[in-house]
Amino acid sequence: MKLQLVIGNRNYSSWSMRPWVLLREARIPFEEVQLKFDETGGGLRVAGIERYSAAGKVPVLLVDGEPVWDTLAICETVAELYPAKQLWPQDPKARRVARSVCAEMHSSFQALRGAMPMNIRGRHPGKGLNEKSSKDIQRVVAIWSDCRARFGKDGPLLFGAFTIADAFYAPVVMRFQTYAVELPAVARAYCEAVQALPAVREWCDAARRETEFVAEDEPYAQRK
Ligand SMILES: N[C@@H](CCC(=O)N[C@@H](CS)C(=O)NCC(=O)O)C(=O)O
């Protein structure tokens with residue numbers, strides 16, 4: 001079986017980061033296809049995405065050439081294809097919570113996304129904090145604290161060992177760093193654990209080497 005993952009700009013594409021980190025951290029072989037964001041026509045589009053997905057967004061997973069699009073569907077597909085990798089927690093109760101926090105990440109936190117776009121190489125301490133984004137941050141911290149307390153005994157991650165839930169929250173960790181969000185100790189420790197994952201380090205190192213400037217994701221900087 002051949003897996004190909006179509007991603008966008010590493011510095012900005014939070015959705016691309018999730019399945020890439022999942023596949024890499026789980027040591028599942030895949031071929032990467034990187035497309036770049038294009039703002040020349042006004043709005044933002046992914047140049048060349050029409051070859052891979054009618055939905056027009058990254059990421060896309062190609063399984064023997066057949067597209068699977070949308071991050072949650074991609075991660076569920078990977079978990080189903082590689083059951084031995086235990087990408088969801090094994091305990092049914094923990095698994096139900098893991099699925100819920102991933103679904104919540106997938107469908108919510110619009111204020112946090114809007115005010116604090118992922119920008120791994122950027123540093124904008126204090127920017128993006130407002131009433132709504134603060135509420136989202138509090139909710140993220142509550143999720144992390146609850147998972148760590150209830151299910152995190154066997155390791156430093158949300159459910160102890162690495163799962164899809166950590167891949168889903170990795171871009172939030174990067175946002176908290178870029179905007180220097182103040183966090184309680186349990187959340188700070190979790191951020192450190194995520195940033196220490198080899199796959200996260202690899203993604204971030206490559207993101208810092210990118211030079212494209214995407215205005216839509218840079219509300220606090222000017223194109224040079
Ligand atoms: N719900 C989708 C969201 C994907 C998404 O919004 N991707 C952005 C990049 S991070 C994108 O492709 N934007 C281009 C566009 O909207 O045309 C998912 O979970 O994969």
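**Note on the pockets, a helix pair and two backbone details**

1. The largest pocket has a lining of 25 residues, and those nearest its centre are Ser 14, Trp 15, Phe 37, Lys 57 and Val 58. The model is predicted. The space in this largest pocket comes to about 670 Å³.

2. Which elements each supply at least two residues of that lining? They are helix H1 (14-25), strand E4 (45-46) and helix H4 (110-115). H4 gives the most, with three residues.

3. Next, the character of the lining. In the largest pocket, eleven lining residues are nonpolar. Seven are polar and seven are charged. Among the residues nearest the centre, Trp 15, Phe 37 and Val 58 count as nonpolar. Lys 57 counts as charged, and Ser 14 as polar.

4. The second largest pocket holds about 260 Å³ of space. Its lining has 16 residues, and Gln 86, Pro 89, Ala 161, Phe 162 and Thr 163 are the closest to its centre. Ten residues of this lining are nonpolar, three are polar and three are charged.

5. Now the helix pair. Helix H5 covers residues 131-151, and helix H6 covers residues 164-178. They pack at an angle of about 125°, and their axes lie 12 Å apart. Why are H5 and H6 called oblique to each other? An angle between 115 and 145 degrees falls outside the perpendicular and antiparallel ranges, so it counts as oblique. H5 and H6 are therefore oblique. The crossing of H5 past H6 is left-handed.

6. Which residues make the contact between H5 and H6? From H5 come Ile 137, Val 140, Ile 143 and Trp 144. From H6 come Tyr 169, Val 172, Val 173 and Phe 176. The contact has eight nonpolar residues, with no polar and no charged ones.

7. Two backbone details deserve a look. The peptide bond that joins Val 58 and Pro 59 is cis, with omega about 5°. Pro 59 sits in the loop between E4 and strand E5 (60-63). Val 58 also appears in point 1, as one of the residues nearest the centre of the largest pocket.

8. The other detail is at Asp 64. Where is Asp 64 found? Its place is the loop between E5 and strand E6 (66-69). Phi of Asp 64 is near 50°. That is a positive value in a residue other than glycine.

How values were computed: Residues are numbered from 1 along each chain as its sequence is written. This is a predicted model: local features need pLDDT of at least 70, side-chain atom pairs count only at pLDDT 80 or more; totals for chains, interfaces and linings use all residues. Side-chain values use heavy atoms; hydrogens and water are left out. On a 1 Å grid over the protein atoms alone, a cavity is a set of points where a 1.4 Å probe fits but cannot get out, and a pocket is an open set with protein on both sides within 12 Å along at least five of seven lines; lining residues have an atom within 4 Å of a point. Grid points are joined across faces, edges and corners, and a volume is the space filled by probe spheres set on the points. Helices (H or I, at least four residues) and strands (E, at least two) are DSSP runs, numbered from the N terminus. Axes are lines fitted to C-alpha atoms, for helices over the stretch in contact, and angles run from 0 to 180 degrees between N-to-C directions. Angles under 35 degrees count as roughly parallel, over 145 as roughly antiparallel, 65 to 115 as roughly perpendicular and the rest as oblique. A crossing is left-handed if the near helix is turned anticlockwise from the far one by less than a right angle, and right-handed if clockwise. Contact means heavy atoms within 4.5 Å.
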